[in-house]
Amino acid sequence: MAGGFRRTSAPRLLYTFYSSSISRSSPSPATALLLGNFHLRYSSNAARVKEDKEPWWKGSMEKLRNIGISAHIDSGKTTLTERILYYTGRIHEIHEVRGKDGVGAKMDSMDLEREKGITIQSAATYCTWNGYQINIIDTPGHVDFTIEVERALRVLDGAILVFCSVGGVQSQSITVDRQMRRYEVPRLAFINKLDRMGADPWKVLNQARSKLRHHSAAVQVPIGLEEEFKGLIDLVQLKAYYFHGSNGEKVTTEEVPADMEALVTEKRRELIEMVSEVDDKLAEAFLSDEPISPADLEAAVRRATVARKFIPVFMGSAFKNKGVQPLLNGVLSYLPCPTEVSNYALDQMKNEEKITLNGTPDGRLVALAFKLEEGRFGQLTYLRIYEGVIRKGEFIVNVNTGKKIKVPRLVRLHSDEMEDIQSAHAGQIVAVFGVDCASGDTFTDGSVKYTMTSMNVPEPVMSLAVQPVSKDSGGQFSKALNRFQKEDPTFRVGLDPESGQTIISGMGELHLDIYVERIRREYKVDATVGKPRVNFRETVTQRAEFDYLHKKQTGGQGQYGRVCGYIEPLPQGSSTKFEFENIIVGQAIPSNFIPAIEKGFREAANSGSLIGHPVENLRVVLIDGASHAVDSSELAFKLAAIYAFRQCYTAARPVILEPVMLVEVKVPTEFQGTVGGDINKRKGVIVGNDQDGDDSVITANVPLNNMFGYSTSLRSMTQGKGEFTMEYKEHLPVSNDVQMQLVSNYKGSKPVE
């Protein structure tokens, strides 16, 4: 029993003391009574502690939902979020996205967003509905802002995919759906705009099944469509909902209208059939013809949705304030709470071994910085907490950099407004101030070295050259570029060493235009935008001899240096781009001048005489030379080498090399011919064509010079359904006609000497 003294809690010590004395002799009745009382009190205390311990986070975790709203452009995502905030009491009046009052939607907090009526950045907010806390991220629909959608989906537990009842499944819906699959996000579908002319929710549902391969069924039936749209019938509860009041805030529940009973029975049976295909429990009840109660059906839909085997389809019109409250109920009923979703981390101590996080506040702190913003008070970092608790004033460790940081201020976000909080636990989305990090960094309490799997960041596909109009605004200009680069991983900034231009790269023309506009508005810097220069190279194709004497006699010491040898192309696949070899026998040139000769040749190779670009794959061999005891110097031999190179360069039949990109285009099969023809027109060589579901994946090698504006033309060729990535492959010789054109352009732009 002495082992009991290892624990220092008083009750255990007391108990150990008594039990050790009891073991030697039988207890007195008083002792036995005392012991009995103590046991009773101790065990009830333990039970109470256990009871208290479970609910503190269990209740709040089960009543928490992290959802995103994403869809094609103009399907009504921001309008839907605006209504959700209004009905949950977070805002007290409704403003439209392109409203006449000029206020704009709450979630479009940037001036540019309000002007153009589009969402550019994801905005985060939270609200409460029926005692549940819902964190919402409203995401952009434009393909140029793909990274915003990726970042939001990475940290969410569920999503609402919005469709337009007239437009149906559009191109960006396909892209967003693909992203949701990649991040394994359970989702609900919401068919919006049922009040519009030509609204047909059943057509949209069939499109989702055929184009997106959704295993889905409607959980609601609309009462009337277009101007006749009055309300909705819930197929699970078999109740009709009507929306009254100036903003549809009063929801009345009635029985199903008699004239719709047949349709409702048919659609409910379809819903049960679809769910029972993926849920065994419901299938048993369905096959044995038992009546299925609303509670059983709701539980089955939830199981199938959380397991990502089924997508319930809701309906309504956010603009006309109908169907939003039942959708919120659906979020609570069918989307998972943070503990129902399995998240993985990579253990850096064990060679990136996958670790499943339990997702509870009891664990060690693991949080992911998924978005950065430069706010009024410094850098604002959005964090999704996967495990543990984060408290204001505590220290956290950035696993990616190893830095230890104190949490100075912790806030909850409502678009661009903030609310200070003292602590936050697993499953919540919060923001911290004054923490210097990059997007995608993982924070822990220092006890573990976990990183969350990094987000998929697409490579930029388009570049532009930018420079500030006035020289004085250079500081603000570089400050703006640094900030945008930190905030947006798809926005890259580079300097072209040859042209000295600042090159910005991004996901498309709209993406880069928005950034140029933001530099102008937020930093008051006007920038000129030009087409960037492609980095061509030159090389030689055959051996050419050189024998050059550099002799200059002025008063005093002159210059004298003679070099003989040859230049030739390096063999294919060689690791270096320039090679210098000295095979002089004897002391024709003193050895201390050899480095100057090599330097001269390297300098000369920096600018070829065809179009002034660097010369690559060049081997220079020095075989002979002559020197003068007095007049020879390092400068003389360096100049001799430069002129020798220029003398023999033309004889070596130089050619221009251009960067060739490996382009991968993913388009629906019906556009395969058009896209293939366009690649051929751009002098591309198609090297592969694979099938991926309903899509064709075309792989081709295309010269970069012919790829400008490709993102725009690909979208117009494929109705916006195509996407492409390109990466540098190699430099290859250009055709003769292109070479002649490039040389004449260079000669024309060169100042007369």
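**Notebook: charges, cysteines and backbone turns**

I began with Arg682, which is buried, its relative accessible area being 16%. The model I am reading is a predicted one, and every value noted below was computed from it.

**Entry 1, around helix 16.** From Arg682 I went to its salt-bridge partner, Asp678, and found the closest N and O atoms of the two at 2.9 Å from each other. Asp678 is also buried, because its relative accessibility of 9% falls under the 20% cut-off. I then looked for a further partner of Asp678 and found Lys681, whose side chain meets that of Asp678 in a salt bridge with an N to O distance of 4.0 Å. Where do Asp678 and Lys681 lie with respect to each other? I find the two in helix 16, which spans residues 672-681, and they are three residues apart, or about one turn of the helix. Is Lys681 buried or exposed? I have to count Lys681 as exposed, because its relative accessibility is 68%, whereas Asp678, at 9%, is buried.

**Entry 2, a bridge between strands.** I next asked how many salt bridges the rule gives for the structure. The count comes to 27. One that I examined is formed by the side chains of Arg619 and Glu581, with 2.3 Å from N to O. This pair links distant parts of the chain, since Arg619 belongs to strand 34 (residues 618-626) and Glu581 to strand 32 (residues 578-582), with their positions 38 residues apart in the sequence. Accessibility divides the two: Arg619 is buried at 18%, while Glu581 is partly exposed at 29%. I also noted that the pair does not stand alone, for Glu568 and Glu579 are linked with Glu581 and Arg619 in a network of salt bridges. As a general reminder to myself, side chains of opposite charge can pair when their charged atoms come close.

**Entry 3, a patch of like charge.** Turning to the surface, I found a patch of negative charge in which Asp280, Glu284, Asp289, Glu290 and Asp296 gather. I took Asp280 as the member to look up in detail, and placed it in helix 9, residues 280-287. Asp280 is exposed, because its relative accessible area is 61% and the cut-off is over 50%.

**Entry 4, cysteines.** How many disulfides does a search of the whole structure find? The result is zero. For context, a disulfide is a covalent bond between the sulfur atoms of two cysteines. I looked up two of the cysteines for their exposure, and I find Cys127 buried at 0% relative accessibility and Cys648 buried at 1%.

**Entry 5, positive phi.** I then turned to the backbone, looking at residues other than glycine with a positive phi. Arg213 is one of them, with a value of about 55°, and its place is the loop that runs between helix 7 (201-211) and strand 6 (216-218). Is Arg213 buried or exposed? I note it as exposed, with a relative accessible area of 54%. Arg308 is another such residue, its phi being near 60°, and I located Arg308 in the loop between helix 10 (294-306) and strand 11 (311-315). Arg308 counts as partly exposed, because its relative accessibility of 43% lies between the 20% and 50% limits.

**Entry 6, contacts across the sequence.** Last, I looked up three pairs of residues that are separated along the chain. Asn617 sits in the loop between strand 33 (615-616) and strand 34, and I count Asn617 as partly exposed at 29%. Its C-alpha atom is 10.0 Å from that of Arg537, although the two residues are 80 apart along the chain. Asn329, in helix 11 (residues 324-334), is likewise partly exposed, with 31% relative accessibility. How far apart in space are the C-alpha atoms of Asn329 and Asn130? I read 8.4 Å, for a pair that is 199 residues apart in sequence. Leu714 belongs to helix 17, residues 710-717, and is buried, with a relative accessible area of 1%. The partner I noted for Leu714 is Thr674, which is 40 residues away in sequence and 9.6 Å away in space, C-alpha to C-alpha.

Definitions and conventions:
Residues numbered from 1 in each chain as written. Predicted model: local features only at pLDDT ≥ 70, side-chain atom pairs only at ≥ 80, totals over all residues. Heavy atoms only, no water. Patch = residues over 30% accessible without salt bridge, like charges linked within 9 Å, V, L, I, M, F, W, Y side chains within 5 Å. Areas by Shrake-Rupley, 256 points an atom, 1.4 Å probe, with all protein chains shown as cover. Lys, Arg positive; Asp, Glu negative; His and termini not counted. Charge placed at Lys NZ, Arg CZ, Asp CG, Glu CD. Helix = DSSP H or I, 4+ residues; strand = E, 2+ residues; numbered from the N terminus. Buried < 20%, exposed > 50% of the residue type's maximum accessible area, 1.4 Å probe, protein only. Disulfide = S-S within 2.5 Å.
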